[in-house]
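Trainee: I am new to this structure and would like a close look at one part of it, the way its strands are paired. Could you begin with the term I need, and then lead me on from there to the rest?

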2 protein chains.
Amino acid sequence: MNMNTILANRMSTVQRSFIREILKVTEDPEIISFAGGLPNPRFFPKAEIAEAAAKVLTDDGGAVLQYSTTEGYRPLREFIASRYKQKGIRVKPENILITNGSQQGLDLVGKVFLDTGDLMLLERPGYLGAIQAFSMFEPIFQGLSMAEDGVDLSQLASALKRQPKLFYAIPNFQNPSGISYSAHKRQAVAELIAKSDTVLVEDDPYGELRFMGEEFPLIHKYLAEADWDKSILLGSFSKIVAPGIRLGWICAANEIMDKLIIAKQASDLHSNFLAQRILYQYLLDNDLDGHIVRIRNAYKQQRDLMVQMIAKYFPAEVQYTKPEGGMFLWVTLLQYISTMELFEKALKEKVAFVPGEAFYTDGTGKNTLRLNFSNSDPEKISEGIKRLAQAIKS
Amino acid sequence: MNMNTILANRMSTVQRSFIREILKVTEDPEIISFAGGLPNPRFFPKAEIAEAAAKVLTDDGGAVLQYSTTEGYRPLREFIASRYKQKGIRVKPENILITNGSQQGLDLVGKVFLDTGDLMLLERPGYLGAIQAFSMFEPIFQGLSMAEDGVDLSQLASALKRQPKLFYAIPNFQNPSGISYSAHKRQAVAELIAKSDTVLVEDDPYGELRFMGEEFPLIHKYLAEADWDKSILLGSFSKIVAPGIRLGWICAANEIMDKLIIAKQASDLHSNFLAQRILYQYLLDNDLDGHIVRIRNAYKQQRDLMVQMIAKYFPAEVQYTKPEGGMFLWVTLLQYISTMELFEKALKEKVAFVPGEAFYTDGTGKNTLRLNFSNSDPEKISEGIKRLAQAIKS
């Protein structure tokens with residue numbers, strides 16, 4: 001059988017995630033890895049999750065283990081809606097759909113909006129998981145440059161004239177760059193979106209992980225109520241509770257939500273109900289905000305140390321972002337250096353990162369790289385940055 | 001914003017699952033529902049799952065709650081491969097991908113194979129979840145009639161000449177009809193597939209629920225080794241353990257598996273790892289086969305009773321299948337009776353079923369209906385069939 005003739009066209013362009021392939025290389029315990037996007041497992045609430053699991057299975061095991069609704073567990077949706085409300089974003093539980101992490105949110109948004117050849121806008125560099133998810137629906141990507149305070153507005157304004165269906169953005173501590181949008185940029189993006197026929201897909205997995213600087217509302221909040229149907233929010237429990245429970249959500253206006261629910265039904269009927277019930281019980285019995293403060297404090301120390309070590313050991317011409325939250329730091333080397341080649345050298349020094357070109361849809365960014373600081377304890381950060389500096393200098 | 005212009009074409013044809021809408025209607029506790037496809041929660045191993053959850057979270061919580069591999073938990077994949085081996089099907093753990101129930105398997109198969117306008121074959125009536133999942137990729141469906149011993153071979157032979165990409169079949173206790181393929185039909189289907197350029201997607205969620213009659217191997221086993229790349233198997237823990245853990249699998253040859261893994265990465269990175277670890281621990285510490293025997297015995301009693309009651313109370317001209325396993329029974333009324341209209345009358349009698357036309361892609365089947373016998377205890381079956389007979393007679 002000839003595979004090339006029987007496979008769908010979309011499979012000819014999509015590759016396996018380079019990051020996930022890298023994660024396999026870095027399973028060697030001698031390698032210090034800044035490659036993955038993993039939260040620090042030290043802060044997973046293991047005992048509390050175990051207690052929640054015992055409780056829901058004992059009290060309501062028949063229901064917990066049965067099929068459930070596509071939309072997700074109602075009290076969990078109410079919890080998410082009420083957290084939005086605390087941030088001044090008024091949404092109803094009906095506007096929340098529980099997904100398998102926010103990655104599935106991307107897939108569902110792609111399913112609902114994208115036909116082959118449709119134009120969509122991304123940040124440049126952009127989140128690899130989003131590029132992968134949307135690629136499956138064969139859009140044409142246009143990347144918009146990122147400045148230190150967010151997306152380039154003139155590029156966005158002119159790109160919106162071409163009537164793209166979607167603009168996908170991570171306003172807080174963007175993956176991979178660590179950049180956050182200024183209040184001015186958020187306001188300006190909202191105004192441009194309001195005037196356009198484009199839906200803003202605002203992904204915010206890291207927003208709660210701010211450990212310094214001023215917090216700004218999501219771009220959604222800068223939109224007038226009449227334009228709420230132009231905004232889709234994605235969220236996740238992966239970074240504030242744990243990724244292994246694989247739960248995130250989409251928040252969208254009614255008409256879009258109806259379509260997302262159809263797409264979700266077709267994709268997997270509903271999200272893991274056992275996990276939803278365990279998570280909700282955990283949230284009910286514990287102080288999530290207190291837990292997040294502990295994570296922030298640790299990540300701040302790790303970020304500060306990584307920035308210090310880079311300042312001390314990297315060549316002076318190396319540029320890097322100094323994020324105010326999140327999990328990543330973005331490094332730009334001199335133009336002629338290939339971080340793909342550097343990756344091989346770094347592996348010999350027993351340290352790993354993600355070469356930046358994976359985050360570009362146009363083949364550029366070859367002198368950039370992403371470093372994760374959330375999943376390494378201080379000793380590893382010190383030692384790892386020294387090793388990486390060694391590799392760069394060689 | 002004009003939704004019709006911004007949504008993807010695929011959303012204009014796909015509807016919300018009528019079954020899932022029905023399930024909402026039937027939440028009224030006074031209604032006896034034969035509508036859902038739910039296993040009986042009496043047999044969910046609640047205490048054992050609770051024990052398994054406590055164990056994995058206590059022993060290995062950091063890993064259990066972290067991101068994991070796209071392919072799924074290796075020991076769980078080994079468990080599935082070894083169960084296939086017991087049935088004479090030799091596959092490696094590398095050929096198993098863990099999914100969010102077998103419904104996600106359908107979505108991934110659609111993603112990997114189907115371009116808009118591609119032809120694919122289904123049984124007629126066919127499984128609604130599959131119709132929904134594949135619809136998202138906008139194929140042209142061709143339904144093949146089902147006889148009492150499986151699909152119509154001459155229809156299959158002539159349809160394969162049109163080079164469909166896929167033939168989706170449920171060889172054991174098909175949903176919705178309850179029909180199982182004879183050994184002869186399995187052999188014949190394998191021979192036709194071997195000569196074709198079509199991939200057989202063999203879904204077997206109910207195969208382990210045989211409570212009478214002779215068991216035959218999956219169609220896969222009738223294929224020569226050289227043709228294994230023409231067969232994809234789908235399986236699920238939903239009916240033999242519990243649906244709330246939302247875990248199933250795809251089994252495919254290497255080259256197809258590579259593509260399925262890419263599609264899975266793009267869809268949601270990986271299946272719920274907490275649930276995978278809990279399930280595996282449960283399987284390790286308990287006797288799954290003994291558990292399945294208990295389910296089978298109960299379902300046999302429920303099926304026997306439903307068949308008896310139908311024979312006693314339904315008008316003589318009503319035809320119905322007498323399945324040897326699974327969860328469903330298929331009823332055909334006189335040609336002029338609309339089961340959609342009957343549904344409204346039945347609701348007034350406080351009994352529910354699924355009108356059969358939902359399982360046809362060509363608008364036929366209006367005088368058919370599906371009854372579920374797995375999720376009703378004997379008293380409800382007796383009373384419910386009496387009520388339904390009343391509605392039919394009126």
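Mentor: Two strands are said to pair if DSSP finds at least two bridges between them. Please keep in mind throughout that this is a predicted model. With that term in hand, look at strand 11 (residues 328-332) and strand 14 (residues 368-372) of chain A, which pair in the antiparallel sense over five bridges. Within strand 14 of chain A, the residue that stands opposite Val331(A) is Leu369(A). These two strands belong to an open sheet of four strands in chain A, where the order is 10-11-14-13 and the pairing is antiparallel. The edges of that sheet are formed by strand 10 (319-320) and strand 13 (354-355) of chain A, each of which has a single partner strand, so that one side of each is left without a neighbour in the sheet.

Chain B offers another view of pairing, centred on strand 8 (residues 231-236), where six of the six residues are buried. Both faces of this strand are covered, since the buried residues include Ser231(B), Leu233(B) and Gly235(B) on one side and Ile232(B), Leu234(B) and Ser236(B) on the other. Strand 8 of chain B runs parallel to strand 7 (residues 199-203) of chain B, to which four bridges join it, and Leu234(B) in strand 8 has Asp203(B) opposite it. With strand 9 (residues 248-251) of chain B, strand 8 pairs in the antiparallel sense, again over four bridges, and here Ser236(B) has Gly248(B) as its bridge partner.

From the strands we can turn to what is packed inside. In soluble globular proteins, nonpolar side chains tend to be buried together. The largest nonpolar core in this model has 231 residues, and Leu279(A) and Leu279(B) are those with the most contacts inside it. If residues up to four places away in sequence are left out, Leu279(B) touches Leu76(B), Phe237(B), Val241(B), Ile245(B) and Leu247(B).

Two helices show how far covering can go. In helix 5 (residues 101-113) of chain B, 13 of the 13 residues are buried, so the helix is largely enclosed by the rest of the structure. Its end C-alpha atoms are 19 Å apart, which agrees with the 18 Å that its 13 residues should span at 1.5 Å a residue. Helix 10 (residues 254-268) of chain A has 15 residues and reaches 21 Å from its first C-alpha to its last, close to the 21 Å expected. It too is mostly covered, with 12 of its 15 residues buried, among them Ile256(A), Met257(A), Leu260(A) and Ile261(A), but also Lys259(A), Lys264(A) and Asp268(A). Just after helix 10 of chain A comes Leu269(A), which takes a positive phi of about 70 degrees.

Helix 10 also leads us to the contact between the chains, which takes 67 residues from chain A and 67 residues from chain B. On the side of chain A that touches chain B, at least two residues each are supplied by helix 1 (3-6), helix 3 (46-64), helix 5 (101-113), helix 6 (128-135), helix 10 and helix 11 (273-285) of chain A. Helix 3 of chain A gives the most to that side, with 10 residues. Sorted by kind, the residues of that side are 35 nonpolar, 18 polar and 14 charged. As for the arrangement of the two chains, a rotation of 180 degrees with 0.0 Å of shift along its axis superposes chain A on chain B, with an RMSD of 0.0 Å. The two copies are thus related as by a two-fold rotation axis, and the same surface serves both, with 100% of the contact residues of chain A recurring in chain B.

Finally, a few backbone details deserve attention. Most residues other than glycine have a negative phi, and most peptide bonds are trans. In chain B, however, the peptide bond from Arg124(B) to Pro125(B) is cis, with omega near 5 degrees, and Pro125(B) has its place in the loop between strand 3 (119-124) and helix 6 (128-135) of chain B. The peptide bond from Asn175(B) to Pro176(B) is also cis, with omega near 15 degrees, and Pro176(B) lies in the loop between strand 6 (166-169) and helix 8 (183-195) of chain B. In chain A, Lys350(A) has a positive phi near 65 degrees, and it is found in the loop between helix 13 (339-348) and strand 12 (351-352) of chain A.

Terms used:
Residues are numbered from 1 along each chain as its sequence is written. Chains are lettered from A and ligands numbered from 1 in the order in which they are written. This is a predicted model: local features need pLDDT of at least 70, side-chain atom pairs count only at pLDDT 80 or more; totals for chains, interfaces and linings use all residues. The expected span of a helix is 1.5 Å times one less than its number of residues. A residue is buried if 20 or more other C-beta atoms lie within 10 Å of its own, exposed if 12 or fewer, and partly exposed in between; C-beta atoms are placed from the backbone. A nonpolar core is a set of buried Ala, Val, Leu, Ile, Met, Phe, Trp, Tyr and Cys residues joined through C-beta atoms within 7 Å. Two residues are in contact if their C-beta atoms, placed from the backbone, lie within 7 Å. Ala, Val, Leu, Ile, Met, Phe, Trp, Tyr, Cys and Pro count as nonpolar, Asp, Glu, Lys and Arg as charged, and the others, Gly among them, as polar. Copies are superposed by least squares on the C-alpha atoms of residues with pLDDT of at least 70 in both.
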